[in-house]
Amino acid sequence: MEIRVLRYFLAVAREQSISGAAKVLNVTQPTLSRQLQDLERELGKQLLIRGSRRVTLTEEGMLLRKRATEIVDLVDRTKAEISSSEDDVCGTIAVGSGETEAMLYIIHAVQRLRARHPGIKLSVLSGDPQDVSESLDSGVLDFGLFVEPAELAKYEAMKLPVEDRWGALVRSDSPLARGMQVRPAQLSQQPLIMSRQSEREKIISNWFGKDVSQLNVVGTYNLVYNASLMVREGMGVALTVEGLVNTDADPNLTFLPLEPKLTMDIDVVWKKHRVLSRAAELFLQVLQDESMERMANQGTAGVA
């Protein structure tokens, strides 16, 4: 399976047309068709359904598109990393994460690094913990942001000096919005909108002091923007992390921290025994330096 042919296949999947992909690739349509047929014979599976107007992917084709994207991206990143010089480091730092404001910490570190090495880029994969873990294990990602509790045994990890704080996103005309915080007794009978991640269900159960099955859960989400729409339309109260919804820009929504306070630590993780690129090594050093600086400043502020 050649990288060139995988690029051909991805172009067809993107354009949904062999003729359209041929124009983009600057190859003849018969040549492209022959390469795709050879790929299907090599794999022993049909990858494309050739319709009169457009091409669609079979189930095996969709799997190959996912894997081919990972392979081609890895090849391109490797070429960039090897070709860069010691003084002029370039390459892509690939980070995977769920929704968390801690991503700002990553962005600031990359900006600081790019001030010295403008050839460095940041690629962010947004996904749930399983997506991020699989991409780390396959080498597609350099780093992942894991929200505790998390399985860290097979990774190297560095705890960030930041944390996610949980709260309730409510309509501004709700009686709950009159307070400064919200307690378990106030939410126990409310219609709730919760994250689909099972790890977060356990955290919420502990905070309520009862199993999630005993709560009035009317909806779930994996993207908090969609949860905010449900709240805005009066479907219920969303339990989410602070900072993900800009309530200043939406007067219809109010965020209330949970009381007792509920927070989660954030870890930057990377695969054990993996040889990091020069760009990834420098990024990790910047993260470590900034973490030490921040902890030192917090210590100084505490003494004062």
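Biologist: Let me get this straight: buried means under 20% relative accessible area, exposed means over 50%, and partly exposed is in between (1.4 Å probe, protein chains only). So which residues of helix H2 are buried?

Modeller: Ile18, Gly20, Ala21 and Ala22 are the buried ones in H2, which covers residues 18-25. Bear in mind that this is a predicted model, where local features need pLDDT of at least 70 and side-chain atom pairs count only at pLDDT 80 or more, while totals for chains, interfaces and linings use all residues. Residues are numbered from 1 along each chain as its sequence is written, and side-chain values use heavy atoms, with hydrogens and water left out.

Biologist: Okay, and what do those buried residues of H2 pack against?

Modeller: They pack against two helices, H1 (3-15) and H3 (29-43), plus strands S1 (48-50) and S2 (55-57). Helices (H or I, at least four residues) and strands (E, at least two) are DSSP runs, numbered from the N terminus.

Biologist: What happens just after H2?

Modeller: Asn26 takes a positive phi there, about 60 degrees.

Biologist: Back to H1 and H3. At what angle do their axes cross?

Modeller: Roughly 110 degrees, and the axes come within 10 Å. Axes are lines fitted to C-alpha atoms, for helices over the stretch in contact, and angles run from 0 to 180 degrees between N-to-C directions. H1 and H3 therefore count as roughly perpendicular, since that label covers 65 to 115 degrees, with under 35 roughly parallel, over 145 roughly antiparallel and the rest oblique.

Biologist: Which residues make the contact?

Modeller: From H1, Arg4, Val5, Tyr8, Phe9 and Val12; from H3, Leu32, Gln35, Leu36 and Leu39. Contact means heavy atoms within 4.5 Å.

Biologist: New topic: where is Arg274?

Modeller: In the loop between strand S11 (263-271) and helix H10 (278-303).

Biologist: Buried, exposed or partly exposed: which is Arg274?

Modeller: Arg274 counts as partly exposed, because its relative accessibility is 25%.

Biologist: What is Arg274 in contact with, leaving aside neighbours within four places in sequence?

Modeller: Arg77, Gly139, Leu141 and Asp142. Take Gly139: it is 135 residues from Arg274 in sequence, yet their C-alpha atoms are 8.7 Å apart in space.

Biologist: And the whole protein? How many helices and strands?

Modeller: The protein has 10 helices and 11 strands. Its C-alpha trace spans about 70 × 50 × 35 Å along the principal axes, and 42% of its 304 residues count as buried.
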